[in-house]
Amino acid sequence: MTTAAKPNGKPRVNTSASTRRGQEAPILVCGGAGFLGSHLCARLLREGKRVICLDNFCTSDEAVVEPFSSEPGFKLVRADVAEIEESSFERVSAIYNLACAASPIHYQKAPLDTLFTSVHGMDRLLRLARRCNARIFQASTSEIYGHPTIHPQVESYWGHVNTMGPRACYDEGKRCAETLCYIYHDQYAVPVRVGRIFNTYGPGMRMSDGRVVINFIVQALAGEPLTVYGDGQQTRSFCYVDDLIDAITRMMAVSLDGVGPINIGNPVEITVLELAQRILRLTGSRSSIVVQPLPQDDPPRRKPDISLAARLLDWTPSTDLDTGLTRTIEDVERRLERQDAALIAAVGRARAASATRRVGIAGTAL
Ligand code: UDP
């Protein structure tokens, strides 16, 4: 079911008529068709919640949420979070804001959209949260820390971000969104939750996403060289998507009034070169590794200190890298097989059509 929310606030999304499930107002998931958003929608629907998924599909595909359309508690709204009117929605019981391109190659293509999605989108959602007295989760990011000068990164560290670099549109947008959250909390008592999400991976990532895990897996399975940027000694710490969704739903479930941002991620750190080697081993691929230039402002080290999350949420990630990568590889393999099958079917249909045309032409000639 799709409802278009126009910037002028019409039509209004009728949240009360959307489902027979429970009486609680629905949960709004912005960016609900994206990688994290679609996992979150699936999780909330499994729990019997009503979900409004809002997305402008700038880096996602409607096909991802198509399987949810038969769920009575699901409603899809095609809209840009930076343009929605608070009055477009009747009531919501909670808001998750995951609306922003997160892959560097994608968010850098449209830097103003990236910045305003975070800034204007957050402002609009905070107004809605205020009116509905709803808890609101902001998907913040480890990019808040920029090129960190302390390691691992703790929430009390203010970060080291280049305001003019290619990542600034994302980093500064997210930093401003955090500021907005705490202004609305302090001025209007909006119950905000800010989760600083570190690198996350798992099934369902778009194959053209551009981020390192999916790039390496697709390259390995295609028998193409794995593209390591720089010397590959930069580090990241990768969290499996189910663990991440578990953490953010916990953040919404517990009382966190007066608590600032919370790091969410898996603290097991690995170099990009080691990751490439790991993926080669797990896929059994014989691809080579090629070196490409390191993008400007690529953070050299990243690892979350998650002691705050462990204490406040009773949460630590439980999926080790090999297990998570294996599941992700299997998912990509399945999708590639489906693509191949679709391609073979399309070629078959094209051949059949051309044979029919030949018969038709021959028939005319007769
Ligand atoms: N990277 C790489 N090859 C790729 C894609 C990324 O070596 O094909 C590197 C990138 O330079 C960065 C790390 O992998 O050091 C993680 O990049 P990603 O785009 O996944 O996210 P980031 O953490 O930089 O936002």
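**Ligand shell, strands and a helix pair**

Modeller: Helix H6 (212-222) and strand S9 (226-229) each supply at least two residues of the shell around the ligand. Helices (H or I, at least four residues) and strands (E, at least two) are DSSP runs, numbered from the N terminus. This is a predicted model: local features need pLDDT of at least 70, side-chain atom pairs count only at pLDDT 80 or more, and totals for chains, interfaces and linings use all residues. Residues are numbered from 1 along each chain as its sequence is written.

Biologist: Which element gives the most to the shell around the ligand?

Modeller: S9 does, with three residues.

Biologist: How many residues surround the ligand, and which are the closest?

Modeller: 14 surround the ligand. The closest are Arg 211, Val 212, Asn 215, Thr 227 and Tyr 229. A residue counts as near if its C-beta atom, placed from the backbone, lies within 6 Å of the molecule.

Biologist: New topic. Is strand S4 mostly covered or uncovered?

Modeller: Covered. Four of the five residues in S4 (residues 74-78) are buried, meaning 20 or more other C-beta atoms, placed from the backbone, lie within 10 Å of a residue's own.

Biologist: How many bridges join S3 to S4?

Modeller: Five, and the two strands run parallel. S3 covers residues 51-55. Strands pair if DSSP finds at least two bridges between them.

Biologist: Which residue in S4 does Asp 55 stand opposite?

Modeller: Arg 78.

Biologist: And at what angle do helices H1 and H7 pack?

Modeller: About 65 degrees, with their axes 10 Å apart. Axes are lines fitted to C-alpha atoms over the stretch in contact, and angles run from 0 to 180 degrees between N-to-C directions. H1 is residues 35-46 and H7 is residues 241-253. They are therefore roughly perpendicular, a label for 65 to 115 degrees.

Key:
Buried ≥ 20, exposed ≤ 12 C-beta atoms within 10 Å, placed from the backbone. Parallel < 35°, antiparallel > 145°, perpendicular 65-115°, else oblique.
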